[in-house]
Each structure stands twice: as C-alpha cells, then as structure tokens.
Amino acid sequence: PEAQDAEYVSISRWVELESAVYEIAITANGAPIEQALIGPLDIVLEGGQWNTIAVVFNQELNSLIARIVREDYSPIPEGSGRITFFHAVPDAPSLDIAINQQVFINALTFPGNQPSRPNGAASITLGAGPIDIEIRETDNLQNVYIQLRDVELRPGDHYFIAAVNNVSTI
C-alpha cells in the first residue's frame, strides 16, 4: 500500500496495515523507489497503534529525515479532546507547550539524527472547551514562538499541531 500526493505541511490519507516490519521509502510524487528521498528503511508497526511518519529537514545533516510519531489513539474520555504536538523546527531549542498559561509539555525537542532519539512529539488530553496555546522556548517564558488564542477543543476530537520551518518563520 502507499500514500500519495502529500505536500509540504500536509497529511496523506491513513493506511491500515497488519502488525509487521515494513520497508518504506519516501519519493517525489511519481518517482521510482530507486530515487527515494528517504530510505528505504524498516519500520516496526505493532497492533493497535496509530503511527504518523513525519518527514522533516535536519540542518545538521543537510538532508530530510523520517521520524515515526506513535500517537495516542486510546479512547478519549467523554467531554475531552486530545492534541498531539510535533516539534519540526531544526534550528529551534527545546519547546514548552503551555495551555491556559500552564505548561503541559516540557522540553519537547527536535527529532535527533538517529531514529532511536526522541521523535519530537507528545500528546495531551484535556477537557473540551476554548483554550489558549503558547509554544515557547523552554526556560525562557519571554520567547514565545506561537500563540493560538481561543482554540475550540471539541469533545472526542484529536488534533495534530506541528511547529515547522525555521526559528525565524515558525
């Protein structure tokens, strides 16, 4: 199976697969696997999990890297919503995610050069309703990169928020 036509800052359709080890490659649309931009590489998929394969640019390596984000798709408690945050800004420091001025995720880091390093993602489950989100530099409350005010978190919904680009254009 394949997912096609993903563009910069987009998500392709979901592909349902059995538990197994899969070889994946990421190519330009229509390009053969021999011209892969990433891979081929092996990924392990376990039953009952939702995985997002994120492609980000790594400045240190001057290339694209793929990271597997294992999202929390357990049942969302009644009256709550869930948000997965993804740090895909190669030149940014670690980030804190504050909801209504309270830090819920501390020190979210850009994915490392090795697949075994942190994948740059974290999920939280909150009571539904309007929330204010701040994405800011860890240990520097004054350096706020993104502010999202009055975001309506709907009951039962799962959101994916990715910080992308570079530190000056997040």
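The questions and answers below deal with the strands, cores and selected residues of a predicted model.

Q: In what order do the 4 strands of the open sheet lie?
A: The sheet is open, and its pairing is antiparallel. Strand S7 (102–108) and strand S10 (144–153) are the edge strands, each pairing on one side only. From one strand to the next the twist averages 15 degrees. The order is S7-S6-S9-S10.

Q: Which residue in the turn of the hairpin formed by S6 and S7 has a positive phi?
A: Strand S6 covers residues 95–99 and pairs with S7 in the antiparallel sense over 4 bridges. In this pairing Ile99 stands opposite Gln102 of S7. The hairpin has 2 residues between its strands, and the residue with a positive phi, about 50 degrees, is Asn100.

Q: Which residue is the bridge partner of Glu134 in S10?
A: Glu134 is found in strand S9. Strand S9 spans residues 129–137 and runs antiparallel to S10, with 7 bridges joining the two. The side chain of Glu134 also makes a polar contact, at 3.2 Å, with the side chain of the residue in question. That bridge partner is Gln147.

Q: Is Glu134 buried or exposed?
A: Leaving aside neighbours within four places in sequence, Glu134 is in contact with several residues, including Asp96, Ile97, Ala98 and Gln101. Others in contact with Glu134 include Val144, Ile146 and Arg149. Buried means a relative accessible area under 20%. Glu134 has a relative accessible area of 7%, so this residue is buried.

Q: How many of the 8 residues of strand S5 are buried?
A: Strand S5 takes in residues 80–87 and is mostly covered. Ser80, Arg82, Thr84 and Phe86 point one way, while Gly81, Ile83, Phe85 and His87 point the other way. Residues on both sides are buried. The number buried is 8 of 8.

Q: Which strand pairs with S5 in the parallel sense?
A: S5 is joined by 7 bridges to strand S8 (residues 121–127), but these two run antiparallel. There, Thr84 stands opposite Ser123. Elsewhere, Phe85 stands opposite Ile161, in a parallel pairing of 6 bridges that S5 makes with strand S11.

Q: Which residues touch the most other members of the largest nonpolar core?
A: This core has 19 residues. S5, S6, S7, S8, S9, S10 and S11 each supply at least two of them. Apart from it lies another core of 7 residues, among them Val56, Phe86, Ala88 and Phe110. In the largest core, those touching the most other members are Ile83, Phe85, Ile99, Ile133 and Ile135.

Q: Which residues does Ile99 touch, not counting those up to four places away in sequence?
A: Ile99 is one of the residues that touch the most other members of the largest nonpolar core. Nonpolar side chains tend to be buried together in soluble globular proteins. The residues Ile99 touches are Phe85, Phe104, Ile124, Leu126, Ile131, Asp132 and Ile133.

Q: How far apart in sequence are the parts that the pair of Phe86 and Phe160 ties together?
A: A search of the whole structure finds 1 aromatic pair. Phe86 and Phe160 form this pair, which is tilted, with 6.2 Å centre to centre and 35 degrees between the planes. Phe86 is buried at a relative accessible area of 5%, whereas Phe160 is partly exposed at 28%. Phe86 lies in strand S5 and Phe160 in strand S11, so the parts tied together are apart in sequence by 74 residues.

How values were computed
Residues are numbered from 1 along each chain as its sequence is written. This is a predicted model: local features need pLDDT of at least 70, side-chain atom pairs count only at pLDDT 80 or more; totals for chains, interfaces and linings use all residues. Side-chain values use heavy atoms; hydrogens and water are left out. Two strands pair if DSSP finds at least two bridges between them. Axes are lines fitted to C-alpha atoms, for helices over the stretch in contact, and angles run from 0 to 180 degrees between N-to-C directions. Buried means under 20% relative accessible area, exposed over 50%, partly exposed in between (1.4 Å probe, protein chains only). A polar contact is a pair of N or O atoms within 3.5 Å; within protein, one must be able to donate a hydrogen and the other to accept it, and residues adjacent in sequence count only if both atoms are side-chain atoms. Contact means heavy atoms within 4.5 Å. A nonpolar core is a set of buried Ala, Val, Leu, Ile, Met, Phe, Trp, Tyr and Cys residues joined through side-chain atoms within 4.5 Å. Rings of Phe, Tyr and Trp (its six-membered ring) pair if their centres lie within 6.5 Å; planes under 30 degrees apart count as stacked, over 60 as edge-to-face and the rest as tilted.
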